[in-house]
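Colleague: I would like a close look at a single part of this model, with the surroundings brought in where they help. Please take it step by step and keep the answer connected.

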Amino acid sequence: MLRWAVAMAEVRRARRAAVTTIGPLVERSRASLNGIPDTAWRDPYLAGFMLTLITIVARIGCRDLQDHDLSLVQSQAWGEITGMDADLIGEDALTLSNSHPREFQHGCYSAMMVAIRLCNPGAVASIGYEPWQITEASPEADALMDDGRHIGTTLSPATGNWTDAFDTYIARLPLVKPA
């Protein structure tokens with residue numbers, strides 16, 4: 001019983017770290033974009049971006065978090081941040097992490113660049129988190145997505161920021177109408 005209580009306290013602390021760090025950024029984006037459609041949250045790029053950013057921030061915020069508790073942190077934080085049913089991301093996360101589509105990989109990479117700016121490079125390196133790397137020299141870097149949009153490679157630890165990685169991407173989605 002004590003082990004379970006300690007694990008749940010770690011889950012709560014990790015989820016809180018992710019929500020308090022990422023939540024205000026999403027809310028600011030919601031306001032500047034006149035909302036974010038529910039369909040955007042299940043886009044492969046945004047799924048990779050949000051899950052990776054949640055993972056990095058949660059692991060930095062709670063270094064004792066066990067691997068088997070991470071999926072609970074991811075789904076709870078994702079649900080709280082997006083306002084969506086937390087159960088929706090579970091299957092998407094499994095499918096996308098197993099199939100590694102370009103959009104998902106690029107979302108993971110972009111999240112790491114944003115995390116480096118939000119949390120500092122030493123903190124991100126200290127947790128040993130290394131998502132798939134997409135570099136400007138790789139063939140995937142300037143690839144087209146299935147719908148003809150460019151993935152792009154403008155993010156780096158020095159220049160990548162939330163607006164570049166999140167707002168700009170969402171503004172290009174077909175169902176989003178700019179303010």
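Colleague: To begin with one residue, does Asn34 count as buried or exposed? From there, please go on to helix α2 and describe how α2 packs against α7.

Modeller: The model is a predicted one, and what follows should be read in that light. Asn34 counts as exposed, because its relative accessibility is 58%, above the 50% over which a residue is called exposed. This residue sits in the loop that runs between α1 (2–32) and α2, and it has a positive phi of about 55 degrees although it is not a glycine. A second asparagine has a positive phi as well, namely Asn120, with a value of about 85 degrees, and this residue is likewise not a glycine. Asn120 is found in the loop between α5 (102–119) and α6 (121–126), and with a relative accessible area of 42% it is described as partly exposed.

Before turning to α2, the overall setting is worth a few words. The protein has seven helices and zero strands, so that, read from the N terminus on, its elements run α-α-α-α-α-α-α. Of its 179 residues, 49% count as buried. Where contacts join residues at least 6 apart in sequence, 75% of them are between residues at least 24 apart.

Helix α2 covers residues 44–61 and packs with helix α7, residues 162–172, at an angle of about 150 degrees, the two axes being 11 Å apart. Since angles over 145 degrees count as roughly antiparallel, α2 and α7 are therefore roughly antiparallel to each other. Their crossing is left-handed. On the α2 side the contact involves Tyr45, Leu46, Phe49, Met50 and Leu53, and these meet Trp162, Ala165, Phe166, Tyr169 and Ile170 of α7. When the residues of this contact are divided by character, ten are nonpolar, while no polar and no charged residues are found in the contact of α2 with α7.

Several of these residues also take part in ring pairs, of which a search of the whole structure finds six. One of them joins Tyr45 and Phe49, whose ring centres are 6.1 Å apart with 15 degrees between the planes, an arrangement that is stacked. Because Tyr45 and Phe49 are four residues apart in helix α2, they are separated by about one helical turn. Tyr45 is buried, with a relative accessible area of 3%, and Phe49 is buried too, at 0%. A comparable description applies to Trp162 and Phe166, where the ring centres lie 4.5 Å apart and the planes are at 25 degrees, so this pair is also stacked. Trp162 and Phe166, being four residues apart in helix α7, are likewise separated by about one helical turn, and both are buried. Taken further, ring pairs link Trp41, Tyr45, Phe49, Trp162, Phe166 and Tyr169 into a cluster; of these residues, Tyr45 and Phe49 of α2 and Trp162, Phe166 and Tyr169 of α7 are also named in the contact of the two helices.

Helix α2 has a further partner in helix α4, residues 87–99, with which it packs at an angle of about 100 degrees and with the axes 11 Å apart. As angles from 65 to 115 degrees count as roughly perpendicular, α2 and α4 are therefore roughly perpendicular to each other. Here Pro44, Ala47 and Leu51 of α2 make the contact with Ile89, Ala93 and Leu96 of α4. The residues of the contact of α2 with α4 divide into six nonpolar, no polar and no charged.

One residue of helix α3 can be added to the surroundings of α2. Leu70 lies in α3, which spans residues 67–82, and it is buried, with a relative accessible area of 12%. Leaving aside its neighbours within four places in sequence, Leu70 is in contact with Thr55, Arg59 and Leu65. The C-alpha atoms of Leu70 and Thr55 are separated by 7.4 Å, although these residues stand 15 apart along the chain.

Note on methods: Residues are numbered from 1 along each chain as its sequence is written. This is a predicted model: local features need pLDDT of at least 70, side-chain atom pairs count only at pLDDT 80 or more; totals for chains, interfaces and linings use all residues. Side-chain values use heavy atoms; hydrogens and water are left out. Axes are lines fitted to C-alpha atoms, for helices over the stretch in contact, and angles run from 0 to 180 degrees between N-to-C directions. Angles under 35 degrees count as roughly parallel, over 145 as roughly antiparallel, 65 to 115 as roughly perpendicular and the rest as oblique. A crossing is left-handed if the near helix is turned anticlockwise from the far one by less than a right angle, and right-handed if clockwise. Contact means heavy atoms within 4.5 Å. Ala, Val, Leu, Ile, Met, Phe, Trp, Tyr, Cys and Pro count as nonpolar, Asp, Glu, Lys and Arg as charged, and the others, Gly among them, as polar. Buried means under 20% relative accessible area, exposed over 50%, partly exposed in between (1.4 Å probe, protein chains only). Rings of Phe, Tyr and Trp (its six-membered ring) pair if their centres lie within 6.5 Å; planes under 30 degrees apart count as stacked, over 60 as edge-to-face and the rest as tilted.
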